[in-house]
Amino acid sequence: EGSCLMGLGYALTEEFVMERGINRTNLLSKCGVPTIDDTLDVDVILVEDPEPEGPFGAKGISEVGLIPTVPAITNAIYNAVGARIKDLPAKKERVLAVLREKGRL
């Protein structure tokens with residue numbers, strides 16, 4: 001669940017701005033890191049496939065849920081509005097800019 005929330009933040013809200021070598025995102029609150037209020041319901045489906053090299057068949061999965069989250073979100077935006085977002089985060093201003101660029105607004 002945590003890695004999915006990390007992907008959500010990376011895709012939609014998190015931004016660290018540097019301007020001429022100066023950190024403009026000087027507070028954590030300005031970074032757009034998702035909070036508990038931004039969480040989604042995540043259905044986790046565990047596939048039990050023991051790892052022969054791991055202790056008692058264990059294997060780590062860590063942030064593996066982060067990997068498909070960003071492409072899933074940006075593809076959902078593309079499917080919804082027909083415009084491909086190439087710069088993250090995909091904030092509404094960027095989506096609107098791409099739509100204007102494509103002549104869809």
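Colleague: Is Arg20 buried or exposed, and what is its relative accessible area?

Modeller: In this predicted model, the cut-off for calling a residue exposed is over 50% relative accessible area. Arg20 lies above that limit and is therefore exposed, its relative accessible area being 85%.

Colleague: Where is Arg20 found, and what is its phi?

Modeller: The loop that holds Arg20 runs between strand β1, residues 18-19, and strand β2, residues 22-23. Arg20 is a residue other than glycine and nevertheless has a positive phi, with a value near 55 degrees.

Colleague: Which residue in the loop between β2 and α2 has a positive phi although it is not a glycine?

Modeller: The phi of the residue you ask about is about 60 degrees, and its place is the loop between β2 and α2. With a relative accessible area of 91%, it passes the cut-off of over 50% and so counts as exposed. The residue with this positive phi is Phe56.

Colleague: Which peptide bond is cis?

Modeller: The omega of the bond in question is near 0 degrees, and its proline, Pro89, is found in the loop between α2 and α3. The cis bond is the one from Leu88 to Pro89.

Colleague: How many salt bridges does the count come to, and how many residues apart in sequence are Glu15 and Lys91?

Modeller: With a side-chain nitrogen of Lys or Arg required to be within 4 Å of a carboxyl oxygen of Asp or Glu, the count comes to four salt bridges. One of them joins the side chains of Glu15 and Lys91, with N to O at 3.0 Å. Because Glu15 lies in the loop between α1 and β1 while Lys91 lies in the loop between α2 and α3, the pair ties together parts of the chain whose separation in sequence is 76 residues.

Colleague: Which residue of helix α3 forms a salt bridge with Glu15?

Modeller: Glu15, which counts as partly exposed at 23% relative accessibility, has a salt-bridge partner whose closest N and O atoms are 2.7 Å apart. This pair links distant parts of the chain, with one member in helix α3 and Glu15 in the loop between α1 and β1, 79 residues apart. The partner counts as partly exposed at 27% relative accessibility, and the residue asked for is Arg94.

Colleague: What is the distance between the closest N and O atoms of Arg24 and Glu19, and which residues are joined into one network by salt bridges that share partners?

Modeller: Arg24 is partly exposed, with a relative accessible area of 42%, and Glu19 likewise counts as partly exposed at 42% relative accessibility. In the salt bridge between Arg24 and Glu19, the closest N and O atoms are 3.4 Å apart. As for the network, the residues joined by salt bridges that share partners are Glu15, Lys91 and Arg94.

Colleague: Against which helix do the buried residues of α1 pack?

Modeller: The buried residues of α1 are Ser3, Gly7, Leu8, Gly9 and Ala11. Ser3, for instance, has a relative accessible area of 12%, and because the cut-off for buried is under 20%, this residue counts as buried. Leaving aside its neighbours within four places in sequence, Ser3 is in contact with Ser62, Glu63, Gly65 and Leu66. The helix against which the buried residues of α1 pack is α2, residues 66-81.

Colleague: What is the area of the nonpolar surface patch made by Ile61, Val64 and Ile67?

Modeller: One member of the patch, Ile67, has its place in helix α2. At 63% relative accessibility, Ile67 counts as exposed, because the cut-off for that class is over 50%. Together with Ile61 and Val64, Ile67 makes a nonpolar surface patch of about 310 Å².

Colleague: Which residues form the positive surface patch?

Modeller: One of the members, Arg104, is found in the segment after α3, a helix that covers residues 92-101. At 47% relative accessibility Arg104 counts as partly exposed, but a patch requires over 30% and no salt bridge, so this value is enough on the side of accessibility. The residues that form the positive patch are Arg84, Lys86, Lys102 and Arg104.

Notes. Residues numbered from 1 in each chain as written. Predicted model: local features only at pLDDT ≥ 70, side-chain atom pairs only at ≥ 80, totals over all residues. Heavy atoms only, no water. Patch = residues over 30% accessible without salt bridge, like charges linked within 9 Å, V, L, I, M, F, W, Y side chains within 5 Å. Areas by Shrake-Rupley, 256 points an atom, 1.4 Å probe, with all protein chains shown as cover. Lys, Arg positive; Asp, Glu negative; His and termini not counted. Charge placed at Lys NZ, Arg CZ, Asp CG, Glu CD. Helix = DSSP H or I, 4+ residues; strand = E, 2+ residues; numbered from the N terminus. Buried < 20%, exposed > 50% of the residue type's maximum accessible area, 1.4 Å probe, protein only. Contact = heavy atoms within 4.5 Å.
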